[in-house]
Each structure stands twice: as structure tokens, then as C-alpha cells.
Amino acid sequence: MHIAEGFLPPAHAVAWGVASAPFVLHGVRSLTREVREHPESTLLLGASGAFTFVLSALKLPSVTGSCSHPTGTGLGAILFRPPVMAVLGTITLLFQALLLAHGGLTTLGANIFSMAIVGPWAGYAVYRLLRRYGVPLMVAVFCAAFVADLSTYCVTSVQLALAFPDPGSGFLGALGKFGSIFAVTQIPLAVSEGLLTVLVMRLLVQSSKGELTRLGVFLAEKESRSETEAVAR
């Protein structure tokens with residue numbers, strides 16, 4: 001769902017950059033505090049960023065000027081909260097634009113807003129809601145990754161529809177067209193991403209139980225034991 005370099009009108013590119021900037025700046029403060037207070041979390045932070053980089057680099061051609069791909073932002077949002085994920089997502093998008101010609105510098109603000117801000121916040125909101133009502137961890141993880149992916153595609157559709165409204169039906173007509181084209185590839189990708197994120201979380205439960213407990217992934221010590229036992233089986 002990266003919008004390609006130079007595809008958005010200049011005014012739109014600037015507006016999305018301005019909208020994204022406060023979230024990224026707040027995320028930098030959150031990330032700095034996390035690393036300063038818990039330096040042992042740097043390995044897991046790096047893994048979360050790498051997970052996002054690798055998944056979002058697997059692009060499939062879609063709407064002209066964009067593409068479909070997993071996002072990988074749900075995992076980082078669950079572990080470190082959306083503000084930190086805004087920074088990790090921004091770094092990912094910047095490196096992809098510079099090294100892979102995936103996305104672009106002029107559209108960086110728009111891509112940050114959809115993938116590094118809205119996606120993580122939507123996925124994390126679903127995760128917290130489900131956990132509040134006692135939904136099992138892995139079910140909540142799947143739903144969070146699924147929603148983070150789909151919400152990113154929805155925002156990208158809105159961004160393209162705002163920039164290129166349909167001559168006859170305007171913004172809503174363009175939104176329907178962009179959204180329906182994206183949906184063909186994005187919904188299966190969101191399901192696949194949800195399943196992969198569950199697999200990664202199961203591995204983390206085995207290898208980083210202490211860190212997950214500190215990050216508040218487990219609701220209680222009893223759940224921590226039950227999740228570990230379920231993975232072991």
C-alpha cells in the first residue's frame with residue numbers, strides 16, 4: 001500500500017507529512033524512554049522493526065501508483081504500543097524508499113500516516129478491547145494484525161480518492177473503486193499476516209516470556225503459565 005514517489009499532488013503530500021509529524025515526534029520520545037529505562041528491550045525492538053520491514057517489502061502490484069503487501073505493524077504495536085511503532089514504521093518506510101524504490105520521499109508522509117500511525121493504532125485498539133473482555137492472547141493477536149493491515153489499506157484508499165476523485169461520482173466513487181481493487185489482494189494478505197503474527201508471538205512466548213510479562217502482554221501470571229504450556233504442547 002505504499003504510494004509511489006511523485007504520485008500525490010504536492011499539496012496532499014505536504015498535508016499528510018504535517019499530519020504525521022506529531023505522531024512520529026511523540027513516538028521518538030516514547031522510544032527513547034523505552035530504550036533508556038529498559039535497554040534489554042533493544043533486541044525485541046529490532047526484531048519488531050525487522051518484522052515490519054520484511055513483510056512490508058513483499059509487494060504485489062495493485063492500483064496504479066500503489067501496491068498491496070502485508071504491513072507487519074500489529075506485532076510491534078502489541079509489544080511496544082503504537083507511538084513506538086510510528087517510529088519503527090517511519091524508519092522502515094524511509095529505508096524502503098531509499099534502498100528499494102518502494103514508496104517514495106515525497107509520499108513518505110502519506111505512507112507513514114496509513115501504515116505507521118493508523119494501522120498500529122487500529123490494531124492495538126482491537127487488541128486491547130479483546131483482551132479486556134478475556135479473549136485468548138493468540139486470538140487477540142490475530143485480530144490485531146488483521147485489523148492493522150486492513151485499516152492501512154482503507155486509509156490508503158482514502159488518500160488516493162482524495163487526490164484523484166472520480167470525474168462523475170467524486171470522492172465516494174473513487175473510494176469505492178480504489179477500495180474494491182485493493183480488497184482482492186489485501187484481504188487474503190491480512191489473513192496471512194494474522195496467522196504469521198500468531199506464529200511469531202508463539203515463538204516469543206517460548207523464548208522471551210520475561211520480557212513479554214514486563215511489557216504487559218499477559219493479563220496475569222496464570223495466563224503466562226497457560227500460554228507457555230499451550231505452546232509447549
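**Cores, aromatic pairs and two buried residues in a predicted model**

Student: Which residues have the most contacts inside the largest nonpolar core?

Tutor: This structure is a predicted model. Its largest nonpolar core holds 30 residues. Within that core, the residues with the most contacts are Leu79, Tyr127, Leu137, Met201 and Leu212.

Student: Which elements give two or more residues to this core?

Tutor: The contributors are helices, and each can be located by its residue range or its name. They are α2 (42–56), α3 (73–80), α4 (82–99), α5, α6 (137–163) and α7 (170–207).

Student: How many residues does the second, separate core have?

Tutor: This second core is separate from the one just described. Among its members are Leu8, Ala86, Phe178 and Ala183. Its residue count is 24.

Student: Is Ser48 buried or exposed?

Tutor: Ser48 is found in helix α2. Leaving aside neighbours within four places in sequence, Ser48 is in contact with Gly76, Leu79, Phe80 and Leu88. Its relative accessible area is 1%, and a residue counts as buried when this value is under 20%. Ser48 is therefore buried.

Student: What is the distance of the polar contact between the side chains of Tyr124 and Arg81?

Tutor: Tyr124 lies in helix α5, which spans residues 108–132, and is buried with a relative accessible area of 12%. Setting aside neighbours within four places in sequence, Tyr124 is in contact with Ala77, Ile78, Arg81 and Pro82. With Arg81, the side chains make a polar contact, at 2.9 Å.

Student: What separates the C-alpha atoms of Tyr124 and Ile78?

Tutor: Ile78 is one of the residues in contact with Tyr124. Along the chain, Tyr124 and Ile78 are 46 residues apart. In space, their C-alpha atoms are separated by 6.0 Å.

Student: How many aromatic pairs does the structure hold, and what is the angle between the planes of Trp16 and Phe113?

Tutor: The structure holds five aromatic pairs. One of them joins Trp16 and Phe113, with 5.0 Å from centre to centre. This pair is tilted, and the angle between the planes is 50°.

Student: Why does the pair of Trp16 and Phe113 tie together parts that are apart in sequence?

Tutor: Trp16 belongs to helix α1 (residues 10–37), whereas Phe113 belongs to helix α5. Because the two residues lie in these two helices, their pair ties together parts whose separation in sequence is 97 residues.

Student: Which residues form one aromatic cluster with Trp16?

Tutor: Trp16 and Phe113 are both buried, and they form an aromatic pair. The cluster that contains Trp16 also includes Phe23 and Phe113.

Notes: Residues are numbered from 1 along each chain as its sequence is written. This is a predicted model: local features need pLDDT of at least 70, side-chain atom pairs count only at pLDDT 80 or more; totals for chains, interfaces and linings use all residues. Side-chain values use heavy atoms; hydrogens and water are left out. Helices (H or I, at least four residues) and strands (E, at least two) are DSSP runs, numbered from the N terminus. Buried means under 20% relative accessible area, exposed over 50%, partly exposed in between (1.4 Å probe, protein chains only). Contact means heavy atoms within 4.5 Å. A polar contact is a pair of N or O atoms within 3.5 Å; within protein, one must be able to donate a hydrogen and the other to accept it, and residues adjacent in sequence count only if both atoms are side-chain atoms. A nonpolar core is a set of buried Ala, Val, Leu, Ile, Met, Phe, Trp, Tyr and Cys residues joined through side-chain atoms within 4.5 Å. Rings of Phe, Tyr and Trp (its six-membered ring) pair if their centres lie within 6.5 Å; planes under 30 degrees apart count as stacked, over 60 as edge-to-face and the rest as tilted.
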